[in-house]
Structures are given as C-alpha cells and as structure tokens.
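Me: Got a minute to go through this one with me? I'd like to start with the secondary structure and then move on to the empty space.

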Amino acid sequence: MKFIGRKKELEILERLRLKNTSSMAVIWGRRRIGKSRLIDEFLKKKKAWIFSGLPPTTTITHQEQINVFAGQMARNIGMPELKTSDWGEVFWHLGNQSEKESHLVIVLDEISWIASKDSNFLGYLKTEWDRSFSKHPNLIFILCGSVSSWIEKNILSNTGFLGRISIKLEVKELLLPECNEFWSLQNSRISGYEKLKILGITGGVPKYLEEIIPGESAEKNISSLCFTPSGLLFREYDQIFSDLFLKRAPTFDKIIKILSDGSKNLTEICKDLEMDKSNVCDYLHELVVSGYVSEDITWNIKNKKSSNLKKFRLKDNYIRFYLNFIFPNKSRIENGIFFDNSLSNLSGWEIILGYQFENLVINNLVKLYELIGIDIHQVEQAGPFFQKKTAKNSGCQIDLLIQTKFGTLYVCEMKFYMSEVKKQVVQDVETKITRLVCPKGYSIRPILIHVNGVTQGVKESGFFDKIIDFNDLLGE
C-alpha cells in the first residue's frame with residue numbers, strides 16, 4: 001500500500017542528513033500509529049541497520065534479548081555472531097563496526113523491549129554514544145518505541161541523554177485529509193457520514209485504516225474488523241494493554257473504562273476507583289503520555305492563564321468503541337452467536353459517535369482554524385472549556401473554545417445527528433454564551449460543526465458566523 005501522510009515528519013528526519021555531525025533521534029507514539037512505517041519510508045535508499053527486541057514477558061531473559069540483538073547484528077553487518085552476556089560489549093562492537101560506514105542509520109525499534117531485562121542498558125548505550133557513535137559525522141541513531149511513558153522517563157527526562165538528542169518526534173494520528181486518502185478511487189463517491197462511521201472507530205490510526213476495503217460499506221467493514229473473532233479490532237484491545245502496561249494493565253483498564261462514557265475530573269475518577277489521588281495521578285500521566293487520554297485544562301479568559309480545573313478525556317476512538325460495543329458482546333462473538341452487529345442495532349451508538357466526532361475535530365484544529373479563517377499565530381488558547389458553578393456564576397461547558405490575541409472567542413458547537421441539525425441548536429448555544437463569564441470588549445463568534453447537514457431554519461437564523469461540514473474537515 002502506498003505511504004500516506006507524514007510529510008512534516010519526513011522533512012524533520014531528512015534535515016538530519018544536512019548536518020556534518022552525528023544525530024540521535026527519539027521517535028515515539030501509540031501502538032499501530034505508523035512509527036516503523038515512517039522509519040522505513042525515511043530509510044529508502046539509505047544504508048541502515050535495524051534492531052528490534054522480543055516482546056517482554058515473564059519468561060523472556062536478559063540473555064535472550066542479547067542473543068536476538070547479536071543475531072540481528074551479525075545479519076546486518078555480515079560478521080560472526082557475537083557471544084556475550086554484556087550489553088557494553090555489544091555496543092562496543094556495534095560502535096567499531098559503524099566507523100567503517102561512510103553514511104549510516106542505526107535503528108533500535110521498540111527500545112523498551114530490548115532494554116527490559118537490564119537496568120544498565122541505557123547506561124551502556126550512552127557510554128558508547130560518547131565513545132564512538134557521536135564522533136561519526138554521518139550517523140543517525142534512531143531510538144523508537146510504543147511505550148511512551150518509558151521513553152519519557154528513561155530517555156527524554158534522563159540527564160544522561162541531556163544535550164545528546166537532536167530531535168524528539170511524537171508520531172500522532174493522521175490528519176483527516178490524510179485519512180480521506182485511504183478510500184482511494186471511491187473517495188468522491190462516499191459520503192462524509194459513511195467515512196465518519198469508520199473514523200469513529202479507527203480514528204487517524206494508519207494500521208486500522210489500512211484494513212478498510214474501500215469498495216465495501218462502512219457496516220460491512222466494521223462487522224469484519226470488530227465483530228468476528230479473526231478481526232484485527234476484535235483482539236487489539238488486550239494486545240495494547242498487555243504490551244504497554246504489563247503487570248499494571250488491570251488498573252489502566254479500569255481507568256479507561258471509567259472514561260469510556262465521557263470526560264471526568266480527578267475527584268470523580270478517584271471515587272470510582274476507590275484509590276488516592278497520588279497513585280491515580282501517576283496512572284493518568286502515563287495514559288496521557290501514551291496518547292490514549294487527553295488532559296483538558298481549562299483557562300481564565302481574562303488573563304489567558306491555565307487554571308486548576310481539568311478533565312480527562314478518552315481521545316482514542318477505537319478504545320471507546322471496543323469498551324461500549326465489542327467487550328460486552330465478546331463471548332457471543334467468539335461463539336458465533338452475535339448477530340446484532342448492524343450499527344443501527346447497537347444501543348447508544350449515536351451518543352458514542354458524537355464523542356468520537358468531537359475527538360476527530362479536536363485532533364484537527366489546524367484545519368479547523370483554516371476553515372474558520374483564523375491565523376494560527378493569533379490563537380492563545382483552544383480546547384474543551386468548562387466553567388465551574390459558583391455563587392455568582394452559572395456552570396458552563398463548551399465543546400471547543402478558541403481564544404485569539406485580539407479579543408475574540410470562537411464558541412464551537414459540534415453536533416452529530418443521524419439527520420439534519422435542527423434550530424434548537426441556536427437556543428442551546430445562546431444559553432452557553434449567556435452563562436459564559438466573558439470580559440468586556442470581547443467579541444463572541446458562534447461556530448457550528450456538523451455531519452449530516454442543517455435545517456433551513458438554522459441557516460436563516462443567521463446566528464452562526466460559520467457552519468462547517470465534516471466534509472470540509474476531510475478536505476473535500
């Protein structure tokens with residue numbers, strides 16, 4: 001399949017070749033997000049040695065990880081297989097061999113797996129970097145992994161790597177116009193609503209989108225991927241948590257389930273878990289760093305500073321779909337007796353798709369700014385906004401608020417309905433604006449973002465400054 005998107009990421013990596021010194025690049029992102037595919041695209045027509053580890057389990061040993069690495073080194077370089085139990089010796093040989101190459105890229109893929117059985121692994125790597133790798137003028141050394149919290153703690157925040165990393169690159173979901181390319185030749189004939197049904201499950205995760213058969217309906221694709229025992233998305237959830245969080249997976253699983261039916265603050269999550277805040281904060285931080293949860297922090301409109309009010313939102317569309325529709329029916333699917341897999345038969349599908357729609361819009365703010373006509377350099381704050389109820393002020397929650405330097409607030413309402421959005425939306429947004437505590441001198445511009453059209457009454461009301469169709473976000 002052709003490589004889609006990642007132009008900016010490739011440009012960042014290609015710039016490293018213009019240097020006259022060695023480079024260390026750290027690349028991370030959630031499972032299936034396309035890190036390895038990005039690296040493969042970058043490596044085209046380049047001399048490269050690629051290493052990857054064994055997935056960590058309780059039975060994998062330190063020696064097995066070294067043996068696998070040594071075998072890969074022998075095949076990459078064409079040397080006899082090294083017999084050692086010492087990572088320091090492995091890197092010493094790798095450093096010596098790299099000096100023989102005029103231009104070289106070395107990749108350690110899933111580095112947390114490779115390092116999992118030796119707490120001194122990164123110390124040995126840092127030592128060899130200082131001794132040999134850093135002195136190679138045309139060497140690019142890539143450290144890549146899916147366990148983002150491990151990379152943050154052990155590499156990005158490790159003083160041993162301070163000043164040694166040239167680029168830090170988080171690989172995120174594809175943008176909506178890039179996702180649109182997966183429908184290929186059928187693109188122009190398929191409605192935005194049908195694409196939303198798919199994207200409401202896959203998000204912008206390339207591996208999931210690659211599994212789509214463009215010539216088949218959304219319902220048929222979803223049935224095959226999600227509601228059959230052999231489907232990729234039927235078994236994916238367990239793989240995510242067993243690979244990334246190992247022994248602590250059950251607690252992460254509980255938090256994700258709490259967030260699956262809407263955003264919650266820390267107090268609400270702790271109450272549901274029956275755990276104290278300090279422990280829960282650590283788990284939430286890991287989920288945020290790993291890209292599955294978003295920490296939405298509201299702000300003071302007057303001074304534009306972030307406040308202490310925050311909510312945690314499940315930003316991964318696949319996980320929410322799995323927990324609401326696949327997990328409750330898992331045994332029936334496995335036993336071949338689940339037949340109610342039409343989307344219209346899934347209880348709560350319209351509500352869940354509304355959450356998924358909001359995630360997709362929030363993940364594509366740059367495109368939204370362009371459609372509204374906002375210069376990105378004017379944006380000072382943007383995100384879901386919530387105002388706490390007090391004795392003086394009413395509570396208020398806005399799907400998306402954009403605040404610019406020049407005193408304008410864009411109040412964005414995201415509405416998903418199976419049919420057209422009706423005129424009631426005008427009153428709903430008017431109520432939110434009335435409750436919003438807004439400093440004097442600010443302009444408020446309501447924006448409506450929809451999927452299946454709006455009634456003539458909404459258009460004729462003249463209330464919204466912009467009415468944006470999901471097709472526009474897809475770049476159509």
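Reply: Here are some questions and answers on a helix, a strand, the cavities and the largest pocket. Keep in mind that this is a predicted model.

Me: OK, helix α2 to begin. Which residues are buried there?

Reply: Helix α2 spans residues 35-42. Lys35, Leu38, Ile39 and Phe42 are its buried residues.

Me: How are those arranged around the axis?

Reply: Looking down the axis of α2, the buried residues fall within an arc of 95 degrees, so they line one face of the helix.

Me: And what covers them?

Reply: The cover includes one helix, α1 (7-15). It also includes strands β1 (23-28), β3 (104-109), β4 (139-145) and β5 (167-170).

Me: Switching to β2. Which side chains point which way?

Reply: They alternate along residues 48-52. Trp49 and Phe51 point to one face and are buried. Ala48, Ile50 and Ser52 point to the other face and are not buried.

Me: Why would they alternate?

Reply: In a regular strand, side chains alternate between the two faces of the sheet.

Me: How does β2 run against β3, parallel or antiparallel?

Reply: Parallel, with five bridges joining the two strands. Ala48 stands opposite Val105 in β3.

Me: Now the voids. How many cavities of 30 Å³ or more?

Reply: Two. The largest has a volume of about 90 Å³. The second largest holds about 30 Å³.

Me: What lines the largest cavity?

Reply: Met1, Lys2, Phe3, Ile4, Arg6, Ile33, Gly34, Arg37, Leu174, Phe182, Pro206 and Glu210. By class, that lining divides into seven nonpolar, one polar and four charged residues.

Me: And the second largest one, what lines that?

Reply: Trp183, Ile190, Glu194, Ile198, Pro214, Glu216, Ser217, Ala218 and Asn221. Helices α9 (192-202) and α11 (218-226) are the elements that give two or more residues to this lining. Its classes are five nonpolar, two polar and two charged.

Me: Last topic, the largest pocket. How much space is in there?

Reply: About 1500 Å³. The lining has 50 residues.

Me: Which of those lie nearest the centre?

Reply: Lys172, Glu173, Leu175, Asn363 and Asn364.

Me: Which strand gives the most to that lining?

Reply: Strand β6, residues 293-299, with six residues.

Me: What's the chemical split of the pocket lining?

Reply: It divides into 21 nonpolar, 11 polar and 18 charged residues.

How values were computed. Residues numbered from 1 in each chain as written. Predicted model: local features only at pLDDT ≥ 70, side-chain atom pairs only at ≥ 80, totals over all residues. Heavy atoms only, no water. Buried < 20%, exposed > 50% of the residue type's maximum accessible area, 1.4 Å probe, protein only. Helix = DSSP H or I, 4+ residues; strand = E, 2+ residues; numbered from the N terminus. Arc of directions from axis to C-beta. Contact = heavy atoms within 4.5 Å. Pairing = 2+ DSSP bridges. 1 Å grid on protein atoms, 1.4 Å probe; cavity = no way out; pocket = protein on both sides within 12 Å on 5 of 7 lines; lining within 4 Å. Points joined across faces, edges and corners; volume = space filled by probe spheres on them. Nonpolar A, V, L, I, M, F, W, Y, C, P; charged D, E, K, R; others polar.
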